Amino acid sequence: MNRAGEIVGAALRTVATAFFIAIAVLMIVQVLNRFHPLGSMDWSDEIIELLLVWTIFCGSAEVWRIRQHFLVDMIPLMLKGTRYERPHRLVTALACLLFIAVFTYQSFDLFMRAADESPYFSLTRRLWYGALPLNGLLMCLFSLRELYELLLPGRARA
């Protein structure tokens with residue numbers, strides 16, 4: 001399972017990085033086009049928006065996978081080494097899983113109901129909304145992995 005996680009992580013990092021670079025290039029070209037007009041760049045806003053959604057959610061899933069997301073650590077630090085540390089971690093992991101599961105369900109519902117199209121290329125908005133349930137599902141799997149590690153003796157992370 002660790003090998004699969006590394007492959008998924010590499011894919012998420014690659015997509016997020018490639019899309020971020022594409023956004024930067026398109027924005028630079030837009031700025032240069034204002035000073036040295038080569039043609040209309042109206043279409044680029046739509047592409048930047050699409051790339052930005054995928055960059056954010058792929059990046060978020062990778063941050064979730066490697067457990068580098070923001071968190072308030074005052075209570076975990078206070079409980080470290082006590083008998084309440086593990087129950088607190090379990091409750092927190094379950095709450096995170098519940099939140100991500102609801103997010104994934106709701107975003108999949110939004111994805112399925114999407115019928116509108118983008119203004120310039122007339123692309124289905126499902127291309128935008130698809131990033132949410134896909135990465136939400138990955139985050140659910142990463143949360144389940146954390147619960148698995150917490151529930152098995154000797155498998156909990158430090």
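## Close-up views of a predicted model

**View A. C140 is a buried cysteine, with 11% of relative accessible area.** Welcome to the first stop in this predicted model. Which cysteine has the sulfur closest to the sulfur of C140? That neighbour is C96, but the two sulfurs are 11 Å apart, which is too far for a bond. A disulfide is a covalent bond joining the sulfur atoms of two cysteines, and the cut-off for counting one here is 2.5 Å between the sulfurs.

**View B. C58 is another buried cysteine, at 5% relative accessibility.** For the sulfur of C58, the closest cysteine sulfur belongs to C140. The separation is 15 Å, so a bond is out of reach. How many disulfides turn up when the whole structure is searched? The count is zero.

**View C. F57 and F103 form a stacked pair of rings.** There are three aromatic pairs in the structure, and this view shows one of them. The ring centres of F57 and F103 are 6.1 Å apart. Why is the pair called stacked? The planes meet at 15°, and planes under 30 degrees apart count as stacked. Follow the chain and you will find that the two partners come from distant parts of it: F57 sits in helix α2 (residues 42-65) and F103 in helix α4 (residues 85-113), with their positions 46 residues apart. Are these rings buried, exposed or partly exposed? F57 is partly exposed at 22% relative accessibility, and F103 is also partly exposed, at 25%.

**View D. Y120 and F121 make an edge-to-face pair.** Here the ring centres are 5.1 Å apart, and the planes are at 80° to each other. An angle over 60 degrees counts as edge-to-face. Both partners are partly exposed: Y120 has a relative accessibility of 45%, and F121 has 37%.

**View E. Two arginines place their charged ends over aromatic rings.** Look for R125 and the ring of W128: the charged end of R125 lies over that ring, 4.5 Å from the ring centre. Then find R126, whose charged end sits over the ring of F111 at 5.2 Å from the centre.

**View F. S44 is buried in the model, with a relative accessible area of 0%.** This serine belongs to helix α2. Which side chain shares a polar contact with the side chain of S44? The partner is Q30, and the contact is 2.4 Å long. Leaving aside residues up to four places away in sequence, S44 touches L26 and Q30.

**View G. R67 has a positive phi of about 60°, and R67 is not a glycine.** Why point this out? Most residues other than glycine have a negative phi. You can find R67 in the loop that runs between α2 and α3.

**View H. S122 also has a positive phi, with a value near 55°.** Like the residue in the previous view, S122 is something other than glycine. Where does S122 lie? Its place is the loop between α4 and α5. With a relative accessible area of 43%, S122 counts as partly exposed.

Methods
Residues numbered from 1 in each chain as written. Predicted model: local features only at pLDDT ≥ 70, side-chain atom pairs only at ≥ 80, totals over all residues. Heavy atoms only, no water. Buried < 20%, exposed > 50% of the residue type's maximum accessible area, 1.4 Å probe, protein only. Phe/Tyr/Trp six-rings, centres within 6.5 Å; stacked < 30°, edge-to-face > 60°. Helix = DSSP H or I, 4+ residues; strand = E, 2+ residues; numbered from the N terminus. Lys NZ or Arg CZ within 6 Å of the ring centre and 35° of its normal. Polar contact = N/O pair within 3.5 Å; in protein donor to acceptor, adjacent residues only side chain to side chain. Contact = heavy atoms within 4.5 Å.
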